[in-house]
Amino acid sequence: MATEQNNINLKPYNSFGVSQIAERLVEFTSYDDLHAALTADPTILAGSWRVLGGGNNTLFISDYHGTLIHPVSKGITVSAERGDDVVIRVEAGEEWDDVVAWAVSHGLWGIENLSLIPGQAGAAPVQNIGAYGTEVKDTIESVEMLCTATLNRLVLGGEYCSFGYRESIFKQSLAGKVIITAINLRLSRKPAPRLDYGALRAEVEKLGEPSLENIRQAVIAIRESKLPDPKVLGNGGSFFKNPIVEPEVAKKLLATYPDMPHYPAEGDKTKLSSGWLIEQAGWKGKRVGNVGVHDRQALVLVNHGGATGGEVIEFAQQIVAEVEQKFGVTIVPEINIVG
Ligand SMILES: Cc1cc2nc3c(=O)[nH]c(=O)nc-3n(C[C@H](O)[C@H](O)[C@H](O)COP(=O)(O)OP(=O)(O)OC[C@H]3O[C@@H](n4cnc5c(N)ncnc54)[C@H](O)[C@@H]3O)c2cc1C
């Protein structure tokens, strides 16, 4: 049954560890439970509301005057088998990394490179999580959701989710209109290691053959060596998206900075590295009060303890301004800013 709490401190509910207050938090254990709660209490959707998963991509910059809807639904089941393909149905409240561990232990390929990304399964399609050359979109068979206008169940095929780089329909036309209740992932029994990204191949080779277990272990080892653990040092992972610029902008910058990392992007555009731009602007490892840029990864802003969301955003705005001044490129947050 759905549970409700009032005036709750969000510190344990966001990886930045900021202490804002939410007026109301409603937790649901299944689609039916959510449907019953919303039918019984129309005030939940009548005022401000939003979904809060694990809070690993969310920065609260003020108290939240409304209702946070939080999935705590659990369950991973096989819903279809077609040749080598196996479709699994995952409840929104499952921890994403538990899903990866489950797939690996069942010999299923497709999401092993996405090991250790913090957050809930229901949030995975929202920003099309990605790492080490893999994006979750490549395995999404469909997404199940509740439409908040009609309280009907909707199922959207992966091909209709408008997935892009850290983008999806859930951040665009369906934002604030649906609550994702489960995802269906199409995995495969057929081995398909993807090792061409960064140091992954070398890390896997240290462990032996490119098996599912070795890839998962290698990804975890690389991530643990590079990224701060939010339980130790509050952070929201990459704070900014990598900017995608017109070819002539990239060309002009490369004339001045020939070593600047750059990658081809859709529509003949060029993707730059926000981490590199921030580092070159002199912000890597820099600290102002309780907020700082991580010393090993310039894309990650950290809460050194006691920072408010307001302090974090003020700090981020200074970085954006200096990057813009130095390179003429505007970097935008990947993280969801709420308040
Ligand atoms: C240390 C660290 C490392 C990270 N590394 C990566 C990485 O390698 N790659 C990557 O892509 N991301 C990464 N992230 C970002 C983060 O892990 C992902 O964005 C993840 O999907 C967030 O899940 P969450 O449940 O915490 O989402 P939340 O922060 O709770 O929510 C994120 C957004 O999704 C919406 N949402 C969440 N659940 C639902 C739902 N059930 N229905 C509808 N909307 C929903 C929320 O309203 C919000 O807009 C990292 C974060 C941290 C802290």
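With 339 residues, the chain would be expected to have a radius of gyration near 20 Å if it were a compact globule, and it does come out at 20 Å, so the two agree. The radius here is taken over C-alpha atoms, and the globule rule is 2.2 Å times the number of residues to the power 0.38. This is a predicted model, so local features need pLDDT of at least 70 and side-chain atom pairs count only at pLDDT 80 or more, while totals for chains, interfaces and linings use all residues. Numbering starts from 1 along each chain as its sequence is written.

Measuring along the principal axes of the chain, the C-alpha trace spans about 60 × 50 × 40 Å. Of the 339 residues, 42% are buried (20 or more other C-beta atoms within 10 Å of a residue's own, with C-beta atoms placed from the backbone). Among contacts with a separation of 6 or more, 61% link residues 24 or more positions apart; a contact means C-beta atoms, placed from the backbone, within 7 Å.

The chain holds eight helices and 20 strands, taken as DSSP runs numbered from the N terminus (helices: H or I, at least four residues; strands: E, at least two). Strand β1 (residues 3-9) is hardly covered, with zero buried residues among its seven. Six bridges tie β1 to β2 (residues 21-28) in an antiparallel arrangement, and Asn 6 sits opposite Arg 24 of β2.

Further along, there is an open sheet of four strands, ordered β13-β19-β18-β17 with antiparallel pairing (two strands pair if DSSP finds at least two bridges between them). β13 (234-238) and β17 (287-288) are the edge strands, each with a single partner, so one side of each has no neighbour in the sheet. β13 runs antiparallel to β19 (residues 300-303), joined by three bridges, and Ser 238 has Val 300 of β19 as its bridge partner. Helix α8 (residues 309-327) packs on this sheet, touching β17, β18 (291-293) and β19, and its direction makes about 145° with that of β19. Axes are lines fitted to C-alpha atoms, for helices over the stretch in contact, with angles running from 0 to 180 degrees between N-to-C directions.

As for helix pairs, the axes of α4 (residues 200-207) and α5 (residues 212-226) come within 9 Å and cross at roughly 120°. That makes α4 oblique to α5 (under 35 degrees counts as roughly parallel, over 145 as roughly antiparallel, 65 to 115 as roughly perpendicular, and the rest as oblique). Residues that meet there include Leu 200 and Val 204 in α4 and Ile 215 and Val 219 in α5.

Definitions and conventions
Buried ≥ 20, exposed ≤ 12 C-beta atoms within 10 Å, placed from the backbone. Contact = placed C-beta atoms within 7 Å.
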